[in-house]
Amino acid sequence: TVAGITAAAGLLEAVEKTGNTAEIVEEKKTVTLIVEGMVCEGCRATVKRALQALPGVNYVAVNLHTGIVTVSGTANVKQLARIIPAAGDFVVHELGVGDLGTT
C-alpha cells in the first residue's frame, strides 16, 4: 500500500519503466455524519442530491428522523462536510470513517 497520490504516481511511473503495468486504486470509505436542521422530506432529498453530485460518491443514505447520513465511496470527508451546509441551513458533525478496502 502506498499513501498519497504523489507517492503512488511516482511508484506507478517506476513500475511502468520496467515494462510492467500497474494502476492506482483509490481507497473506498464509509463516512457517517450527523446532520442537524433536516426538518422535512425536502431537506432529506436536498442533502442526498448534494452528496450524490460529488465525484467519488457511490452510495448515500439519509435518515431524516435520526439525522444520520452514511456516504460510501472515495470522496474526501472535508468535501462531504462542506457540501451539506452549502445545500441549505444544515450543521454537520462527523461521527466516523471506516475503511472499506479497495474492492
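Buried residues have under 20% relative accessible area, exposed ones over 50%, and partly exposed ones lie in between (1.4 Å probe, protein chains only). The model is predicted: local features need pLDDT of at least 70, side-chain atom pairs count only at pLDDT 80 or more, and totals for chains, interfaces and linings use all residues. Numbering runs from 1 along each chain as its sequence is written, and side-chain values use heavy atoms, with hydrogens and water left out.

**View 1. The two sides of helix H3 (residues 77–87).** Helices (H or I, at least four residues) and strands (E, at least two) are DSSP runs, numbered from the N terminus. Val 77, Leu 80 and Ile 84 are the buried residues shown in H3. They line one face of the helix, because their directions fall within an arc of 55° when seen down the axis of H3; the arc is taken from the directions between the helix axis and the C-beta atoms. Exposed Lys 78, Arg 82 and Ala 86 sit on the face turned away from the buried side.

**View 2. The start of H3.** A side-chain oxygen of Asn 76 comes to within 2.6 Å of the backbone nitrogen of Lys 78.

**View 3. The largest cavity.** On a 1 Å grid over the protein atoms alone, a cavity is a set of points where a 1.4 Å probe fits but cannot get out, and lining residues have an atom within 4 Å of a point. Grid points are joined across faces, edges and corners, and the volume is the space filled by probe spheres set on the points. The count is 1 cavity of 30 Å³ or more, and the largest holds about 40 Å³. Its lining includes Lys 29, Val 31, Gly 56, Val 71, Thr 74 and Leu 80. Strands S1 (28–36) and S3 (68–73) are the elements that give two or more residues to this lining, and S3 gives the most, with 3 residues.

**View 4. Salt bridge in helix H1 (residues 5–17).** A salt bridge is a side-chain nitrogen of Lys or Arg within 4 Å of a carboxyl oxygen of Asp or Glu; the whole structure has 2. The closest N and O atoms of Glu 13 and Lys 17 are 3.4 Å apart. These residues are 4 apart in H1, about one helical turn. Glu 13 is partly exposed at 46% relative accessible area, whereas Lys 17 is exposed at 66%.

**View 5. Salt bridge in helix H2 (residues 41–52).** Glu 41 pairs with Arg 44, their closest N and O atoms being 2.6 Å apart. Both lie in H2, 3 residues apart. Glu 41 is partly exposed, at 45%.

Methods: A polar contact is a pair of N or O atoms within 3.5 Å; within protein, one must be able to donate a hydrogen and the other to accept it, and residues adjacent in sequence count only if both atoms are side-chain atoms. On a 1 Å grid over the protein atoms alone, a cavity is a set of points where a 1.4 Å probe fits but cannot get out, and a pocket is an open set with protein on both sides within 12 Å along at least five of seven lines; lining residues have an atom within 4 Å of a point.
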